Structures are given as structure tokens and as C-alpha cells.
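Visitor: Please take one part of this model and look at it closely. Start at its end, then follow its neighbours outward for a reader who has not seen the structure before.

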Amino acid sequence: MNAQLNAALENDTYAYDAVVVGGGSAGLSAALILGRSLRRTLVVDAGEPRNAPAAHMQGVLSRDGMSPADFLAAGRAEIAGYGVDLRAGEVTGAEPDGKGGFVVTLADGDTVGARRLVVTTGLVDELPAIEGLAERWGRDVLHCPYCHGWEVRDGAFGVIAHPTMPAHQALVVAHWSKDVTLFLHTAGELSEHDAALLDAAGVRVERGEVTGLAVEDDRLTGVRLADGRTVARSVVFAAASRFAARDGVLRQLGAELRETPFGEFVAVDETGRTSVPGVWAAGNVTGPQEQVVNAVSRGYRAGAALNAELHFADLEARAAGRPVG
């Protein structure tokens, strides 16, 4: 702990009411509400948003088709208007300070004191190890039909089967195109029920292992199989083989985790409150299905709940004649 922070804590004061760890959609939304609630707020952002490879984002009312970079830039400008501080960097640790607040440590060694924390650090999509897949991610290798389905509708879709839910994504995207091929890759055989649904949806099934993608003039043209064939496709849907939450800070704090079909994620209530008193989480660090519009909503809830907790804690302190904050 640096000397300035020690002195502040000894005087029962904090540099910030809240530190928001992560400056994506959820983090900026939480910060916006906290700033509007007159809370001294710091956002620490490592600058690694999950949707950075995508040229556009869809399904966000009034912002449909906006680039993720422009969306975040607009959000940063908005929070600055409410006095929220934004700092580029990575939070490497956080720990209770023994006074009801937290000491937040940054990668550069600096420390910051905060009464409450909001963790919105997102996740990393760990893609199947197929040649060329990662390079096309967010362009013509996609994961979400609600994000991209309209733009590629009626195209020649390929779907790389997920190891644990091999038919699911192909069945979903078949709503956007009648030309869908499911590549089982390494997923094994289908259940009779899945096979029947795929047949009903008109989805063709390729059982060979996928070795790579065919690309011409910077455009996806097909999916290569181990037997030497290339199946012509213009779009490939591929769910991550594993979702790795960036939850190191939450784990360090001892937050309760929950098992999901997509891996282990921090457990939160409807406001984003974790099992650690004074700590909220929102966005993809809580699960892989939090798209931009969901993350914004969850960040809003977390910011509002955090402000309410501080407000009533201060009222209780005043009523009891104790120092506030």
C-alpha cells in the first residue's frame, strides 16, 4: 500500500466511492449511473473488449449497426461529463481493507482505495483449434445469429459443432438460412433426437474432421475437411470451445462461483451483487450470453444498487452518530 492511500484509510476517507474494473459496455453503464448519482467513480480499463474484432454491433436500440469502438468512445465521453475518471490499465488485485472498503492494485504498482467495487472484466472466447478460424473471427466466422444473422441471411452457412451441444447452433441458425451444413468435427455422433431435428430443419451433416478454412481474396469460400474435400460455404458459425472468464480479481476476493453448461462463472443476484460484501459483477464475466444490450442493462442495475447501498449505509451511520463514508 502506498503512503497516500495509508493516510487516506487512516482518516476513514477514500479516493473513490466506487472503482469499476473494466471499461466495456457493462462497466461504462455502471459508471454512468454512478456518476449521475454523484459518486466519485474510477473506471480502470485494459482496453480488450470481447467484440473488438466485429466491425458492427446489432440489436442495440438506436445504436444498431454502430461500431463497437464508436460505441465505447461515446460511452467514455458521456461518463466524463459526470466527473467519472477513466484510467487505462489493468487491475491485478483487490483486497478488503478492514474498514469496509477495498484496496485495488494496478499493474503499474499503484493502489487506489474504494468503498465498493464493480467488476466487469468480461471473458475470452477460446476457439476450436482450426486453421484460419481465429483470423476470420468477427468477420465471416461468427458466433451469434442475433448479432449477425440479418447481415448474412440466406447465405451458405457452415456450423462447427460444439463438443457438448453439437446440434444446437445449427438448429438455431437454420432460421436465417435454408442452406446450412453442420460439421461434426470432433463432436462425435448425434443423438436420435438431434438427428431428427436437424433433418426437420433441412440441415446437412458432415462427419469428417475440419482441418481449416478456404479463403480467397480475403473472403471465406469454404470449409476444408481431413479427407481432402472442401465444402463451399460463405459463412461459418462457431461457438467457443471454452469461455474463459477474466475473473481473477473475483477469485482473489473469494467470490462464490457457479457451474454452467459453458463453464464456471461468478454467482450474482439480480442486481449483480456477488457473495463478497461490497462487490458487484456485470457483463460477460458473469456469463457468455450477455450481449451489449444485456451488459448495459446489468451494468445499470449494479450501479443503481451500489449507490443505494452506500446511501442507506451513510444514513444509518448518521443516525447512529458514526462517521460517514
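Guide: Helix H9 is followed by Gly321, a residue with a positive phi near 75°. The model is a predicted one, and H9 covers residues 292–319 in it. With 28 residues at 1.5 Å a residue, H9 should span 40 Å, and its end C-alpha atoms are 41 Å apart, so the length agrees with the expectation.

The next point is which residues of this helix are covered. The buried residues of H9 are Val292, Ala295, Gly299, Ala302, Gly303, Ala305, Leu306, Asn307, Leu310, Asp314 and Ala317. These residues pack against strand E1, helix H2, helix H3, strand E6 and strand E19. Three of those neighbours, H2, E6 and E19, can be followed in turn.

H2 runs over residues 25–36. Its 12 residues reach 17 Å from the first C-alpha to the last, close to the 16 Å expected at 1.5 Å a residue. H2 is mostly covered, with 10 of its 12 residues buried. Among them are Ser25, Ala26, Gly27 and Leu28, and also Ile33, Leu34 and Gly35. The buried residues of H2 pack against H9, and also against E1 (16–21), strand E2 (41–45), H3 (68–80) and E6 (111–119). E1, H3 and E6 are therefore named as neighbours of both helices: they appear in the packing of H2, and they appear in the packing of H9, whose length of 28 residues was given above.

Just after H2 comes Leu38, with a positive phi of about 65°. Leu38 sits in the loop between H2 and E2, and it is a residue other than glycine. Is Leu38 buried or exposed? Its relative accessibility is 78%, so it counts as exposed.

His185 is another residue other than glycine with a positive phi, here near 55°. It lies in the loop between strand E10 (180–183) and helix H7 (192–201). At 14% relative accessibility, His185 counts as buried, because that value falls under the 20% limit.

Back at the neighbours of H9, E6 comes next. All 9 of the 9 residues of E6 are buried, so this strand is largely enclosed by the rest of the structure. Strands of a sheet pair through backbone hydrogen bonds, either parallel or antiparallel. E6 pairs with E1 in the parallel sense over 5 bridges, and Val20 has Val118 as its bridge partner in E6. E6 also runs parallel to E19 (residues 279–281), joined by 3 bridges. There the partner of Val118 is Trp280. Val118 thus has a bridge partner in E1, namely Val20, and one in E19, namely Trp280.

The pairing of E6 with strand E5 (residues 102–106) is antiparallel and has 4 bridges. In this pair, Val104 stands opposite Val112 of E6. E5 and E6 form a hairpin with 4 residues between them, and Gly109 in the turn has a positive phi of about 95°.

Elsewhere in the protein, 5 strands form an open sheet with parallel pairing, in the order E8-E15-E9-E10-E11. Its edge strands are E8 (141–142) and E11 (204–206), each of which pairs on one side only. Within this sheet, E9 (residues 157–160) and E15 (residues 235–238) are joined by 4 bridges, with Gly158 partnered by Val236 in E15.

The second largest pocket holds about 510 Å³ of space. Of its 20 lining residues, the closest to the centre are His143, His168, Gln169, Phe262 and Gln289. Helices H5 (145–152) and H6 (168–173) each supply at least two residues of the lining, and H6 gives the largest share, 4 residues. By type, the lining divides into 12 nonpolar, 6 polar and 2 charged residues.

As a frame for these parts, the protein has 9 helices and 19 strands. Its C-alpha atoms fill a box of roughly 75 × 35 × 35 Å along the principal axes. Of its 325 residues, 49% count as buried. Among contacts with a separation of 6 or more, 58% are between residues 24 or more positions apart.

Terms used
Residues numbered from 1 in each chain as written. Predicted model: local features only at pLDDT ≥ 70, side-chain atom pairs only at ≥ 80, totals over all residues. Heavy atoms only, no water. Expected span 1.5 Å × (residues − 1). Buried < 20%, exposed > 50% of the residue type's maximum accessible area, 1.4 Å probe, protein only. Contact = heavy atoms within 4.5 Å. 1 Å grid on protein atoms, 1.4 Å probe; cavity = no way out; pocket = protein on both sides within 12 Å on 5 of 7 lines; lining within 4 Å. Points joined across faces, edges and corners; volume = space filled by probe spheres on them. Nonpolar A, V, L, I, M, F, W, Y, C, P; charged D, E, K, R; others polar. Pairing = 2+ DSSP bridges.
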